[in-house]
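Thanks for making the time this morning. I would like to walk you through one structure, going from the separate chains to the place where they meet.

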Amino acid sequence: MNNVRRAVRHGSGGQVLRAAVAFYVGLLVVLPLVALVVKGVGVGPAGIFRAVMAPTARSALWLTLWTAGVMSAVNAVMGTFTAWLLVRHTFWGRRFLSSLVDLPLAIPTLVAGMMIVVLLGPQSKLGGFFAEHGFDIVFATPGIVLALLFINLPMVVRAVEPVMRELDPAEEEAARTLGAGDIRIFFQILLPPLLPAIVTGTLQSFARALAEFGSIVVVSGNIPLRTLTSPVYIFGEVESGAAETAAAVSLVLLALAATLLLAVRGLQQFLAAHRRT
Amino acid sequence: MRIPWRLLLFVSVIGYLAALVLVPIGAIVIRVVDAGVGTVLGELARPDAVHAMALTAILATIAVVINGLFGIVAALVLVRQRFWGRRLLDTLVDLPLTVSPVMTGLAFLLIFGRAGWLEWPLETVGWKVTFAFPGLVIATLFVTLPFTLREVAGVLVEVGTTDEEAAVTLGASAWQTFWNVTLPNIKHGLACGVTLTLARALGEFGAVLILGGAISGKTQTATTFIYAATEERKEGAAFGMALVLALVSMAVLGLLEWLKAPRKEE
């Protein structure tokens, strides 16, 4: 039996396949990222600091972080509610609603940005109405948050959904029988076991927001010091031939995203260990 | 008075989803209809637009074939084999999901571009990667790398090795086992992975823009065509192509949902 398992595990060409996979990943993923990191590190700590602290770069980083933060907060709340609606209720059109949640994964983010510009841009009726009342959405920061919300719509919902499905509704019903209201049931019964999944989904959407380019570049107007985000700033630096600055800022963003995703991974491992016991 | 929280939540979630997804899609449809369907179709029938669509279709096909094959092999290696560095490899293959497309473009420029690591050898051989077709292929392969792999790996973990062990016990060769046992088992995951790869390849923008340079009629893809048309204020062309991409990606998503639905019967 052990031989059989070995045959399945390793196969006759196991080594060859393994080498082929490692080679492909090495060439396509590791090599370019090493080149990026080498370029960034080559600038030196002082150089990186200077690149990131240049007024335009610093304001871009700050804008990227705070818009991602606002998006994450809204996404955490609405994502949890959406998951609750999809898991705990059966209603006409539920499957349609569920597909709507997945739609932003399929639609190119550039197209998502275009849709927001068409709907809320200064030329549109709705955008004109808001602008008249002194509230610019497109080519301003609200547009950035909106675009980020669109592209990250599925992240929290899809993280929370499977966990909520595993929870026994009997607990919620028991609480109701004992006289607890909807609000109390939500906060005391439903929310505590969901929290890790909510945090996971939220951190993932935050990390995605740090990298977003396609939708932002059409929505934000890219005004330096005002509506220019870090990925768009990096794009501008690349286009104008300043590879060092671009690499230095990239390095900082990558480090941030890596930290976040390590946190997510740690959380997932903790959860897996927790569930087994 | 009791506040109807449930109803309130119901309405707010549905309102939120409709405002965020449905209304913007509707807006672009209305804009295209406003501009005149005939005019927009005329814009999309021009040679540079047709070229852009064809290029995107070719790139998506290449990504589906190469990363489909890679995904199957890599999933088998990562799920079934135990070796030193497996967890590192498992982390590395997910990197394309995290790295901004802009950084992807920059990273490949540092290798293939001017003063890049491979500039000299490439020049000697006379190969042009940046601002040419190979650059577009590399960028698309990079961003679509994990999708088939992740879907197939998920299915492989789920089905376990019992079937394969039975086949090997009964004397099947490695190839027979793969072809008659493993492949039918993973075909569902494979189909989902291919669909996700397709959707991602159709929509790639940042990396393709930097590496390809969006030269009209040469390296311009559907997404970079939209971007260029917006910059040149050719609204009919931009919105028309955006709507085409949106419709195609919705069709792809519909296919995915359809693929995922019949699981219960099995």
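I will take the two chains in turn, then their interface, and then a patch on the surface.

Please keep in mind throughout that this is a predicted model, and that the values I quote are computed from it.

Let me begin with chain A, whose secondary structure comes to 14 helices and 0 strands, so that reading along the sequence one meets nothing but α in the pattern. The C-alpha trace of chain A spans about 70 × 65 × 35 Å along its principal axes. For chain B the count is 13 helices, again with 0 strands, and its C-alpha atoms fill a box of roughly 80 × 65 × 35 Å, taken in the same manner along the principal axes.

Within chain A there are a few local details that I would like to point out. At helix H7, which covers residues 125–132, the N-terminal end is capped by A:Ser124, with a side-chain oxygen of that serine lying 3.0 Å from the backbone nitrogen of A:Gly127. Following H7(A) we find A:Gly134, and the phi of this glycine is positive, near 75°.

Turning to charged pairs, a search of the whole structure finds 13 salt bridges over all chains. One that deserves a moment is the salt bridge between A:Glu244 and A:Lys39, where the closest N and O atoms are 3.4 Å apart. Because A:Glu244 sits in helix H14 (residues 243–276) of chain A and A:Lys39 in helix H2 (residues 14–42) of chain A, this pair ties together parts that are 205 residues apart in sequence.

Now to the interface, and to the question of how much area is buried between chain B and chain A. The figure is about 7500 Å², and carbon and sulfur atoms give 79% of it. On the chain B side, the residues that lose the most area to chain A are B:Arg6, B:Tyr16 and B:Met103, which together make up 9% of what that side buries. The contact draws 80 residues from chain B and 80 residues from chain A.

What about polar links across this interface? Between chain B and chain A the count is 7 residue pairs in polar contact, with both residues at pLDDT 80 or more. On the side of chain B that touches chain A, H1(B) gives the most, with 18 residues, and the residues of that side divide into 57 nonpolar, 13 polar and 10 charged. The rule finds 1 salt bridge across the interface, and the side chains of B:Arg6 and A:Asp182 meet in a salt bridge at 3.3 Å, N to O.

Finally, which residues form a nonpolar patch on the surface? They are A:Ile183, A:Phe187, B:Ile3, B:Trp5 and B:Leu8, with about 480 Å² of accessible area together. The elements giving two or more residues to this patch are helix H11 (182–211) of chain A and helix H1 (5–35) of chain B, and A:Phe187 has its place in that helix H11.

Terms used: Residues numbered from 1 in each chain as written. Chains lettered and ligands numbered in written order. Heavy atoms only, no water. Patch = residues over 30% accessible without salt bridge, like charges linked within 9 Å, V, L, I, M, F, W, Y side chains within 5 Å. Areas by Shrake-Rupley, 256 points an atom, 1.4 Å probe, with all protein chains shown as cover. Salt bridge = Lys/Arg side-chain N within 4 Å of Asp/Glu carboxyl O. Helix = DSSP H or I, 4+ residues; strand = E, 2+ residues; numbered from the N terminus. Contact = heavy atoms within 4.5 Å. Buried area = accessible area lost by both parts, 1.4 Å probe. Polar contact = N/O pair within 3.5 Å; in protein donor to acceptor, adjacent residues only side chain to side chain. Nonpolar A, V, L, I, M, F, W, Y, C, P; charged D, E, K, R; others polar.
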